[in-house]
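Visitor: I am new to this structure and would be grateful for a close look at a single part. Please explain which residues have the most contacts inside the largest nonpolar core.

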Amino acid sequence: MIYALRTLAFVQVFFAAFAAMVGSFADGGQWWERLILVGVHPAAAVLLLILVMNRESSRILVLITTALLALNVVADVGLAAAIGSGAIKGDWGLPLVFAVVPLIALPYCIVRYRNS
């Protein structure tokens, strides 16, 4: 299980970094959309990678990682809903792709928090 999560964390870091670079140069979009793409996604991905690569982590690191992953999922679902309703432009499925790994990692983080 941990090896699969480590692999997913590596993939998420590269995916978030690439999307942040592309998103930084894209036209359009509101500031809060860019904040999610350039701030929340990469931060959550890096913290998840740090967490799954270390056997011993501080309780605060686990808590912050869990909070950012939850924020990531909520923000991505909200973006997908806004795009789907026509409030903003874009492909509604793309934010949901960003939510897959954090959604898978949330139970792991919750267990790590309870055990720390």
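Guide: The answer below begins with the core and then turns to residues in the helices and a loop.

The model is predicted, so local features need pLDDT of at least 70 and side-chain atom pairs pLDDT 80 or more, whereas totals for chains, interfaces and linings use all residues. Residues are numbered from 1 along each chain as its sequence is written, and side-chain values use heavy atoms, without hydrogens and water.

The largest nonpolar core comprises 22 residues; such a core is a set of buried Ala, Val, Leu, Ile, Met, Phe, Trp, Tyr and Cys residues joined through side-chain atoms within 4.5 Å. Leu 48, Leu 51, Val 52, Leu 69, Tyr 108 and Cys 109 have the most contacts inside this core. Two or more residues come from each of α1 (2-25), α2, α3 and α4 (93-115), which are helices (DSSP runs of H or I, at least four residues, numbered from the N terminus). The greatest contribution is that of α2, with 8 residues. In soluble globular proteins, nonpolar side chains tend to be buried together.

Leu 48 gives a detailed picture of these surroundings. Neighbours within four places in sequence aside, Leu 48 is in contact (heavy atoms within 4.5 Å) with Ala 9, Thr 65, Leu 69, Val 101, Ala 105 and Cys 109. Apart from the largest core lies another, of 6 residues, including Ile 36, Leu 79, Ile 83 and Ile 88.

Gln 12, in helix α1, is a polar residue to examine next. Gln 12 counts as buried because its relative accessibility is 4%, where buried means under 20%, exposed over 50% and partly exposed in between (1.4 Å probe, protein chains only). The side chain of Gln 12 reaches the backbone oxygen of Phe 98 at 3.4 Å. Beyond residues up to four places away in sequence, Gln 12 touches Ala 45, Asn 72, Phe 98, Val 101 and Pro 102.

Helix α3 spans residues 59-85 and holds Thr 66. With a relative accessible area of 15%, Thr 66 is buried. A polar atom of the Thr 66 side chain lies 2.7 Å from the backbone oxygen of Val 62. When neighbours within four places in sequence are left aside, Thr 66 is in contact with Leu 106, Cys 109 and Ile 110.

Val 73 also has its place in helix α3. Val 73 is buried, at a relative accessible area of 13%. Ala 99, Pro 102, Leu 103 and Leu 106 are touched by Val 73, residues up to four places away in sequence not being counted. Although 31 residues separate Val 73 from Pro 42 in sequence, their C-alpha atoms are 13 Å apart in space.

Other residues have greater exposure to consider. Val 38 is in helix α2 (residues 31-53), and it counts as partly exposed because its relative accessibility is 37%. The C-alpha atoms of Val 38 and Ser 58 are 26 Å apart, with their positions 20 residues apart along the chain. Met 53, in helix α2, is partly exposed with a relative accessible area of 38%. Gly 90 occupies the loop between α3 and α4, where its relative accessibility of 53% makes it count as exposed. From Gly 90 to Arg 114, 24 residues apart along the chain, the C-alpha separation is 38 Å.

Methods. Polar contact = N/O pair within 3.5 Å; in protein donor to acceptor, adjacent residues only side chain to side chain.
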